[in-house]
Amino acid sequence: MNNTDTLLHINNVTKLFGYGLLGLRKFRALNNVSLTMPIEPEILVIVGETGSGKSTLLKIILRMLVPDYGTVLYKGKNIFKMKSSEVRWYRQEVQAVFQDPFETFNPLRPVVDYLNDTLKYLLKVRNASERKTLIDQTLRFVGLSLEKVDGKRSNEFSGGELQRISIARALLSRPKLLLADEPVSMLDASLRVDILNILKDVKENLKTSIIYVTHDILTAYYVGDRIAVLYRGDLVELGPITKVYNEPLHPYTQLLLSSVLEPSLDIRKKVKPLKRSTIELKEFLLQGCKFAMRCPYATKKCYETPPPEIKINGRAVRCWLYVT
Ligand SMILES: Nc1ncnc2c1ncn2[C@@H]1O[C@H](COP(=O)(O)OP(=O)(O)OP(=O)(O)O)[C@@H](O)[C@H]1O
């Protein structure tokens, strides 16, 4: 895929973090991760358990963290080599919604001020009545209105309403890419589907692509077009979500899905239990496949040599099981 067909191209991105007493030794929180999103809108789900590198990847895309190796191209431009005018453009094009909407808004400020600020400072909309119109239009898109929101502070809204307002704030600049970091995990189950439906509308009607980060395999299936599975910084599997759910290739993906899919996946019985505190760093430091210590199929080679990326019917998996 060349750059003109590509919205986002993450190319061999590696992020090192320090560990140990002085933090002088390094582990790879992201290890040579490559991922491409096409220009056509899609919802790409990034799934993985705590510590798999999901937030690190999002922070890199948001330019909050700089990778140690690799590049990130947005519409062909290296996001870490942008001029200040390009950075402003990038902030309009790429917006984010976070897990806890109550952390997004200071309870002492009316929430509408945040929307106003985005229009004033990011988009330079100087006319106050134009700002009101844009705010009302965008709030209506998420099922609210300026009338319902005006003058109120965050503590006067439910979590679901506040998450809608966060999404509206992110949509004001008509972004082409929305990063949604666990946007429904703090909400009651009954409200989750409303927010997920808004994300689907954003893709369908505004033609905005979405990276949806989650632990939750069920909401992933509900919204996602493609899924990327991260394990200890390795992208272990990537593909269309229905194909991956119907036939997970990587033993870790099989394990993730076995908690929700019945009845044939018996891998849970075979996988070694995880003792998080001791095993996490050991896994990050493994030379070979990071899942080897838990994998029922692991051989000596899995511990020693990183598996190559194998392409199978429009999907990609990193596992020695598929190397013929
Ligand atoms: N600034 C940092 N310094 C050192 N280690 C870090 C730093 N940020 C993250 N890590 C470590 O990097 C690994 C990946 O963390 P990351 O937050 O990206 O995972 P995650 O998949 O987003 O987890 P969660 O779902 O809990 O948010 C973890 O082991 C984490 O402890």
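Start by selecting Lys203 and its surroundings: setting aside neighbours within four places in sequence, Lys203 is in contact with Pro41, Glu42, Ile43, Thr208, Ile210 and Asp225. Before you go on, keep in mind that you are looking at a predicted model. Is Lys203 buried or exposed? With a relative accessible area of 14%, Lys203 is buried, since buried means under 20%.

**Stop 1: the helix that holds Lys203**

Lys203 belongs to helix H8, so colour residues 189-206 next. Helix H8 lies across three strands: S3, S7 (177-181) and S8. Its direction is about 155° to that of S8.

**Stop 2: the sheet**

Now show the strands. Which order do the strands of the open sheet follow? Reading across, you get S6-S7-S8-S3-S9-S10-S12-S11, 8 strands with mixed pairing. Strand S6 (94-97) and strand S11 (309-312) are at the edges with a single partner strand each, so one side of each has no neighbour in the sheet. From one strand to the next, the twist averages 20°. If you're new to sheets, the background is simple: strands pair through backbone hydrogen bonds, in either a parallel or an antiparallel way.

Select S3 (residues 43-47) together with S8 (residues 209-214): they pair in the parallel sense, over 5 bridges. To see one partnership, click on Val47, whose bridge partner in S8 is Thr214.

Then move to the S6 edge. S6 and S7 run parallel and are joined by 4 bridges. Val97 stands opposite Ala180 in S7. Which residues of S6 are buried on each face? Val94 and Ala96 are buried on one side, Gln95 and Val97 on the other, so both faces of S6 are covered.

**Stop 3: a mostly covered helix**

Select helix H1, residues 54-61. How many of its 8 residues are buried? The count is 6, so the helix is mostly covered. Click through them: Lys54, Thr56, Leu57, Leu58, Ile60 and Ile61. Just after H1 comes Arg63, where phi is positive, at about 65°. As a general point, an α-helix has 3.6 residues a turn, so residues three or four places apart point the same way.

**Stop 4: aromatic rings**

Show the side chains of Phe, Tyr and Trp. The structure holds 10 aromatic pairs. Zoom in on Phe27 and Phe284, a tilted pair with 4.7 Å centre to centre and 50° between the planes. Phe27 is in strand S2 (residues 25-38) and Phe284 in helix H13 (residues 276-285), so this pair ties together parts that are 257 residues apart in sequence. Both Phe27 and Phe284 are buried.

Next, pick Tyr74 and Tyr90. Their ring centres are 5.2 Å apart and their planes are at 75°, so this pair is edge-to-face; the cut-off for that label is over 60 degrees. Tyr74 sits in strand S4 (residues 69-74) and Tyr90 in helix H2 (residues 84-93), so the pair ties together parts 16 residues apart in sequence. Tyr74 is buried, at a relative accessible area of 0%. Tyr90 counts as buried too, at 3%.

Go back to Phe27 and add Phe17 and Tyr19 to the selection. Ring pairs link Phe17, Tyr19, Phe27 and Phe284 into a cluster.

**Stop 5: charges over rings**

Select Arg109 and Tyr114. Arg109 lies over the face of Tyr114, at 4.8 Å from the ring centre. Then jump to Lys301 and Trp320: here the charged end of Lys301 sits over the ring, 4.3 Å from its centre.

**Stop 6: Glu304**

From Lys301, step along to Glu304, which is in helix H14 (residues 300-304). Buried, exposed or partly exposed: which word fits Glu304? Its relative accessible area is 44%, so Glu304 is partly exposed. Not counting residues up to four places away in sequence, Glu304 touches Gln287 and Gly288. Now try a distance: Glu304 and Thr138 are 52 Å apart in space, C-alpha to C-alpha, and 166 residues apart in sequence.

**Last stop: the annotated stretch**

Finish by selecting residues 8-257, which an unreviewed UniProt entry lists as "domain: ABC transporter". Over this stretch the chain is 41% helix and 27% strand. The C-alpha atoms at the two ends of residues 8-257 are 27 Å apart.

Note on methods: Residues are numbered from 1 along each chain as its sequence is written. This is a predicted model: local features need pLDDT of at least 70, side-chain atom pairs count only at pLDDT 80 or more; totals for chains, interfaces and linings use all residues. Side-chain values use heavy atoms; hydrogens and water are left out. Rings of Phe, Tyr and Trp (its six-membered ring) pair if their centres lie within 6.5 Å; planes under 30 degrees apart count as stacked, over 60 as edge-to-face and the rest as tilted. Buried means under 20% relative accessible area, exposed over 50%, partly exposed in between (1.4 Å probe, protein chains only). A charge sits over a ring if NZ of Lys or CZ of Arg is within 6 Å of the ring centre and within 35 degrees of the ring normal. Two strands pair if DSSP finds at least two bridges between them. Axes are lines fitted to C-alpha atoms, for helices over the stretch in contact, and angles run from 0 to 180 degrees between N-to-C directions. Contact means heavy atoms within 4.5 Å. UniProt positions are given in the numbering used here, feature names are shortened, and annotations may be inferred rather than shown by experiment.
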